[in-house]
Amino acid sequence: MSEARHMVELMSRPDRGPGQSSLDSVMTTLEARTPRRISLPTARRIALAAQGFLDSRPAPGKTTARHLQRVINRVGVIQIDSVNVLTRSHYLPFFSRLGSYDRTKLDQFTDREPRRLVEYWAHEASMIPPSTWPLLGFRRERAKHEAWGGMRRVQQEHPELVQAVLAEVSARAPITARECDAAMTVDIPRREGAWGWNWSAVKTALEYLFWSGDITSAGRNAQFERTYVLPEHLGLPREPVDSETAHRELVRIAARAHGIGTARCLRDYFRLGAAETNRALATLVADGELEIVTVPGWSDRVYLDTSARIPRKAHVEALLSPFDSLIWQRERTEALFGMRYRLEIYTPAHRRIHGYYVLPFIFGDRLVARVDLKADRAFGRLLVKQCTWEPDAPPEALPALQHHLQSLANWLGLDDVVHHPSSAQ
């Protein structure tokens, strides 16, 4: 056992306790070994490679399930969002990394056996490989204390309702929230008093059961509604992995997907707690899987995945979903790419700066523009409502963006790209 790993083991012994000050002491000792310096351009290239942007793209029309799986293996988590102004957000990371592909192939990953993706609260509502689901068992176990307020209240105030909803799913799965509500109207007619229930209460109970892992999703229907089943229906184990092992593996997945990042970056990937993440980081550093390095402009301790590809050059051209994992952690996005990117979907229209559904555009190894897009399906048009260029964007990025906008329109089955008169060209 290495001296560093021995120090971590000592700090984690039950009689010593994994105190944060002890872990900080271990990390300071490890860091004192004169960490190597990684330049900011190199850090950008590492990040892009880790997220799969430097992998070779399949020829048009030749994307296979293997290519889709490669993206999943790279990023580890794909965020889901209900906004459909352009297309469902989980489709876009694959387009960004592969180009045009058949979206029904990705649907089969979640809707058919053998499933390669299942849904759970990972970063936010997310798709993850089935192998990751057991690692989040600690989150399911903490549902009574950590689930959102409305979910906790329905369990605390109406446990009978929660059990009735669970019984409906068990008897009728796969079932949507609306179907569950309708079925309960027949099986348990609504009544005043006692634990009276309504559509909202049923949906909240389903969300609680989903968070706690008593039910899961077998995919989404055409209306993007979850179809609920029991975990056993998908072959998902109910037994959780112990918390320390789970956190170590989740941080390992996050580190591989980042290539390089701070503890805050890595913790954010699965929304993990600070103390548990720091313990995992200390172990991974001691084991040689992570290396403490320095990057100019980053004041926090920086971790490099020792298996990460370190490219000498990188040229990427891609439009990013607002929910792409490359730009989840906003401080990291600003530190790496110099872009202060914020989601403005929930900002009142008159206060938006760059638009409603804004996709950053990568050119080379930089984020050079923000494009507010909308699919006008009725008239077959991709609307460019606003385009904002970064001050240092090179002139050759403009034709590249125009090409990618047309490719995006074609992939979405739209005929034309139409620029709003006020959008910058």
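Is R226 buried or exposed, and what is its relative accessible area? Select R226 and take a look: this residue is buried, with a relative accessible area of 9%. Keep in mind as you click around that you are looking at a predicted model.

**Stop 1: the salt bridges around E119**

Keep R226 on screen and add E119. Their side chains meet in a salt bridge, 2.7 Å from N to O. E119 belongs to strand 2 and R226 to strand 5 (residues 226-229), so this pair ties together parts that are 107 residues apart in sequence. E119 is buried too, with a relative accessible area of 5%; that counts as buried because the cut-off is under 20%.

Now add R220. E119 forms a salt bridge with R220 as well, and here the closest N and O atoms are 2.6 Å apart. This pair also links distant parts of the chain: E119 sits in strand 2 (residues 118-121) and R220 in strand 4 (residues 216-220), 101 residues apart.

Next, select K203 and E207 along with the others. Salt bridges that share partners join E119, K203, E207, R220 and R226 into one network.

**Stop 2: E113 and R115**

Select E113 and R115. You'll find their side chains meeting in a salt bridge, at 2.6 Å from N to O. Try colouring by accessibility here: E113 counts as exposed at 52% relative accessibility, while R115 counts as buried at 15%. If you feel like hunting for others, a search of the whole structure finds 24 salt bridges.

**Stop 3: two helices that cross**

Time for some helices. Two packed helices are described by the angle between their axes and the distance between the axes. Select residues 243-258, which make up helix 13, and residues 274-286, which make up helix 15. They pack at an angle of about 70°, with their axes 9 Å apart. Helix 13 and helix 15 are therefore roughly perpendicular to each other.

Show the side chains where they meet. On the helix 13 side, pick S243, E244, H247, R248, V251 and R252; on the helix 15 side, pick E276, T277, R279, A280, L281, T283 and L284. The residues of this contact divide into four nonpolar, four polar and five charged.

**Stop 4: a five-stranded sheet**

Switch to cartoon view and find strands 9 to 13. These five strands form an open sheet in the order 9-10-11-12-13, with mixed pairing. At the edges are strand 9 (316-319) and strand 13, each pairing on one side only. From one strand to the next, the twist averages 30°.

Zoom in on strand 11 (residues 366-376) and strand 12 (residues 381-389): they run antiparallel and are joined by eight bridges. Which residue in strand 12 is the bridge partner of D376? Click on R381, and you have found the partner.

Now bring helix 17 into view. Helix 17 lies across strand 9, strand 10 (358-364), strand 11, strand 12 and strand 13, and runs at about 155° to strand 12.

**Stop 5: L414**

For the last stop, follow the chain out of helix 17 (397-411) into the loop that comes before strand 13 (416-419), and select L414 there. L414 is buried, with a relative accessible area of 6%. What does L414 touch, leaving out residues up to four places away in sequence? Show A375, D376, R377, G380, R381, L382 and A409 to see the contacts. Both D376 and R381, the bridge partners from the previous stop, are among the residues that L414 touches. L414 and D376 are 38 residues apart along the chain, yet their C-alpha atoms are separated by 8.1 Å.

Terms used. Residues numbered from 1 in each chain as written. Predicted model: local features only at pLDDT ≥ 70, side-chain atom pairs only at ≥ 80, totals over all residues. Heavy atoms only, no water. Helix = DSSP H or I, 4+ residues; strand = E, 2+ residues; numbered from the N terminus. Buried < 20%, exposed > 50% of the residue type's maximum accessible area, 1.4 Å probe, protein only. Contact = heavy atoms within 4.5 Å. Pairing = 2+ DSSP bridges. Axes fitted to C-alpha atoms, helices over the stretch in contact; angles between N-to-C directions. Parallel < 35°, antiparallel > 145°, perpendicular 65-115°, else oblique. Nonpolar A, V, L, I, M, F, W, Y, C, P; charged D, E, K, R; others polar. Salt bridge = Lys/Arg side-chain N within 4 Å of Asp/Glu carboxyl O.
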